[in-house]
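Let us take a friendly walk around the places where two small molecules meet a protein. Have a look at the structure first, and then read on.

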Amino acid sequence: MFFRKKSKTALDAARMPRHIAIIMDGNGRWATGRGLSRSMGHSAGAETFRKISEKCNELGISCLTVYAFSTENWSRPAEEVNAIMGLLRRYLKEASVSLIQKNVRLHVIGDRTNLPKDIVESIEEIHKMAEQCTGIRVNLAINYGGRREIMQAAQKLAYDAVKGLIDPEKIDEAALESRLYTAGLPDPDLLIRTGSEQRISNFLLWQAAYAELYFTKVLWPSFGEADLLEAIAWFQARNRRFGGV
Ligand code: IPE
Ligand code: IPE
Ligand code: MG
């Protein structure tokens, strides 16, 4: 039994989402509303990510996938892209260690082909360190796009077909799924988007087919434990039909 801070309503431990996905939006608005630079909003957002990951781990959620940088975010001014890459660089080197010490199985998903080389090296290092962890699997989506992910899975299928490893006749949903970045993980049950917008912005297009969508006005750096518990309570009140009756 878990209790929500605001209302003290108990959460049902038997109906916890297995996989939560979060579009961590609103860092820029959080910062400008306080007279700070947008990059300070991203730093504050990174701290929220750490806290929410730890809370999800405590709650026994088995998987958390968060959207940190999209394939479309490269279109932002170079100054902001550089600030975000700098932050990720530092984050992957330092803060990730504290998550791994807390038994969080940190994993980075996304297209690595156009990421700076040292960032790719840090990602490989993290994956190695996280192998010893047994707690929550946290996927940090960097240079992630749902279309890119599905396109790359299709490309892998094509290569495998050409190599004679798979018969095109036998390509099914499981075959494509096993070539996604999230291969082997359950689909997200609950998808949270902070920062007011009500759109998917190219996140987990395949995996979120039956996710419950939760939108909140809270800007990501302000999203706290109570907000997380509120979202889970909302999720538990949904009637999931998966196309049935
Ligand atoms: C989300 O916050 C983080 C990234 C997309 C990198 P934003 O930077 O999009 O913040 P807003 O939406 O402009 O407030
Ligand atoms: C989605 O936020 C991407 C991330 C949170 C990383 P955006 O701020 O990029 O989305 P749009 O542009 O409002 O759709
Ligand atoms: Mg935004």
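## Two ligands and their surroundings

Strand β4 (residues 63-70) contributes 3 residues to the shell around ligand 2, the most of any element; helices (H or I, at least four residues) and strands (E, at least two) are DSSP runs, numbered from the N terminus. Keep in mind that this is a predicted model, where local features need pLDDT of at least 70, side-chain atom pairs count only at pLDDT 80 or more, and totals for chains, interfaces and linings use all residues. Residues are numbered from 1 along each chain as its sequence is written, chains are lettered from A and ligands numbered from 1 in the order in which they are written, and side-chain values use heavy atoms, with hydrogens and water left out.

The shell around ligand 2 includes Tyr67, Ala68 and Phe69, as well as Asn73, Arg193 and Ser201; a residue belongs to such a shell if one of its heavy atoms lies within 4 Å of the molecule. By class, this shell has 5 nonpolar, 2 polar and 4 charged residues. Here Ala, Val, Leu, Ile, Met, Phe, Trp, Tyr, Cys and Pro count as nonpolar, Asp, Glu, Lys and Arg as charged, and the others, Gly among them, as polar.

What does ligand 1 have around it? Its shell holds 13 residues, and Asp25, Gly28, Arg29, Arg38 and Arg76 are the closest. The classes here are 3 nonpolar, 5 polar and 5 charged. Helix α1 gives the most to this shell, with 3 residues.

The table lists polar contacts of both ligands (here, pairs of N or O atoms within 3.5 Å).

| Ligand atom | Protein partner | Distance |
|---|---|---|
| oxygen of ligand 2 | side chain of Asn73 | 2.9 Å |
| oxygen of ligand 2 | side chain of Arg193 | 3.3 Å |
| oxygen of ligand 2 | side chain of Ser201 | 2.6 Å |
| oxygen of ligand 1 | side chain of Asp25 | 2.8 Å |
| oxygen of ligand 1 | backbone of Asn27 | 3.2 Å |
| oxygen of ligand 1 | backbone of Gly28 | 2.9 Å |

How much of ligand 1 does the protein bury? Taken alone, ligand 1 exposes 370 Å², and 87% of that is buried by the protein. For ligand 2 the exposed area is 390 Å², of which the protein buries 78%. These accessible areas come from the Shrake-Rupley method with a 1.4 Å probe.

Key. A polar contact is a pair of N or O atoms within 3.5 Å; within protein, one must be able to donate a hydrogen and the other to accept it, and residues adjacent in sequence count only if both atoms are side-chain atoms.
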